[in-house]
Amino acid sequence: MERTLLIVKPDGVKRKLIGEVIKKIEENGFGILDIRFIELSQKDAEILYEVHQGKSFYNDLLKFITSGPIVALLVEREDAISKMREVVGTTNPAIAEKGTIRGDLGGNIEQNVVHASDSKESAAREIPIFFSYG
Ligand code: CMP
């Protein structure tokens, strides 16, 4: 079994999509190991989005992810990281496939409902921001 991190971003929480997101991940065979409803500090947001530092959208990204409460979920299943990327859909909801979280729940490229770890390295960096075990 592999573990990964899924975050319902501030837009998903404001739009009352927490239940829809959890439904989709449970339907896709993920087990929920832990869950937290929190506001991310600036420092933790910088760790979360470390790989995007220097990009044109970086400052807006940090501002947005710290703009309100988020829900962090530690989940597991076989091939959890790649499977979760499939379930989440491509970054831009306007072109995300139907049936995926972003394809079905909408939004825009910045406010795209969820974030999921995109590799083993990202999961290893991101999970400890929220949970004290990996
Ligand atoms: P996420 O999966 O949280 O990982 C990084 C985030 O950066 C991504 O979702 C988008 O919300 C955001 N992002 C990626 N590309 C762009 C872009 N071109 N413009 C604005 N935001 C972006």
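Where does the ligand sit? I opened the predicted model with that in mind, and the ligand turns out to sit in the largest pocket.

**Entry 1: around the ligand**

I listed the neighbours next. The residues around the ligand are K9, Y49, H52, F57, L61, T91, R102, I109, E110, N112 and H115. Sorted by class, this shell has 4 nonpolar, 4 polar and 3 charged residues.

Then I went through the polar contacts made by oxygen atoms of the ligand. For I109, a backbone N or O atom is 2.7 Å from a ligand oxygen. E110 also uses its backbone, with a polar atom there 3.3 Å from an oxygen of the ligand. H115 uses its side chain instead, where an N or O atom lies 2.9 Å from a ligand oxygen. I also looked up how much of the ligand is covered: on its own it has 450 Å² of accessible area, and the protein covers 79% of that.

**Entry 2: N112 and V113**

N112 was on my neighbour list for the ligand, so I gave N112 a separate look because it is buried, with a relative accessible area of 2%. N112 is in the loop between α6 and β4. What does the side chain of N112 reach? A polar atom of that side chain lies 3.1 Å from the backbone oxygen of T91. T91 is itself one of the residues around the ligand, so I noted a contact between two members of the shell.

V113 is in the loop between α6 and β4 too. Its phi is positive, about 75°, although V113 is not a glycine. Is V113 buried or exposed? V113 counts as buried, because its relative accessibility is 0% and the cut-off is under 20%.

**Entry 3: D79, another positive phi**

I compared this with D79, which is not a glycine either and has a positive phi of about 50°. D79 lies in the loop between β3 (70-77) and α5. Here the surroundings are of another kind: D79 is exposed, with a relative accessible area of 52%, whereas V113 is buried at 0%. I wrote down the reason for the label: D79 is exposed because 52% is over 50%.

From D79 I went to E27, which is found in helix α2 (residues 18-27). E27 is exposed as well, at 56% relative accessible area. How many residues apart in sequence are E27 and D79? They are 52 apart, and their C-alpha atoms are 15 Å apart in space.

**Entry 4: T100**

Next I picked T100, in the loop between α5 (80-88) and α6 (101-105). T100 counts as buried, since its relative accessibility is 7% and anything under 20% gets that label. Which backbone oxygen does the T100 side chain reach? It reaches the backbone oxygen of E97, at 2.6 Å.

**Entry 5: two strand residues**

I looked at L5 in strand β1 (residues 2-8) and D34 in strand β2 (residues 31-38). L5 counts as buried, with 0% relative accessibility. D34 is partly exposed, with a relative accessible area of 25%. I put the D34 label down to the cut-offs: 25% falls between 20% and 50%, so D34 is partly exposed.

Both have a partner far along the chain that I checked by C-alpha distance. L5 and F131 are 126 residues apart along the chain, and their C-alpha atoms are separated by 9.7 Å. For D34 I took F130, which is 96 residues away along the chain, and the C-alpha separation is again 9.7 Å.

**Entry 6: E46**

Last one for the day. E46 is found in helix α3 (residues 42-48) and is partly exposed, with a relative accessible area of 36%. I checked its spacing to L62: the two are 16 residues apart in sequence and 7.1 Å apart in space, C-alpha to C-alpha.

Definitions and conventions
Residues are numbered from 1 along each chain as its sequence is written. This is a predicted model: local features need pLDDT of at least 70, side-chain atom pairs count only at pLDDT 80 or more; totals for chains, interfaces and linings use all residues. Side-chain values use heavy atoms; hydrogens and water are left out. A residue is near a molecule or strand if one of its heavy atoms lies within 4 Å of it. A polar contact is a pair of N or O atoms within 3.5 Å; within protein, one must be able to donate a hydrogen and the other to accept it, and residues adjacent in sequence count only if both atoms are side-chain atoms. Accessible areas come from the Shrake-Rupley method with a 1.4 Å probe; for residues, only the protein chains shown count as cover. On a 1 Å grid over the protein atoms alone, a cavity is a set of points where a 1.4 Å probe fits but cannot get out, and a pocket is an open set with protein on both sides within 12 Å along at least five of seven lines; lining residues have an atom within 4 Å of a point. A molecule sits in a cavity or pocket if more than half of its atoms lie within 2 Å of its grid points. Ala, Val, Leu, Ile, Met, Phe, Trp, Tyr, Cys and Pro count as nonpolar, Asp, Glu, Lys and Arg as charged, and the others, Gly among them, as polar. Helices (H or I, at least four residues) and strands (E, at least two) are DSSP runs, numbered from the N terminus. Buried means under 20% relative accessible area, exposed over 50%, partly exposed in between (1.4 Å probe, protein chains only).
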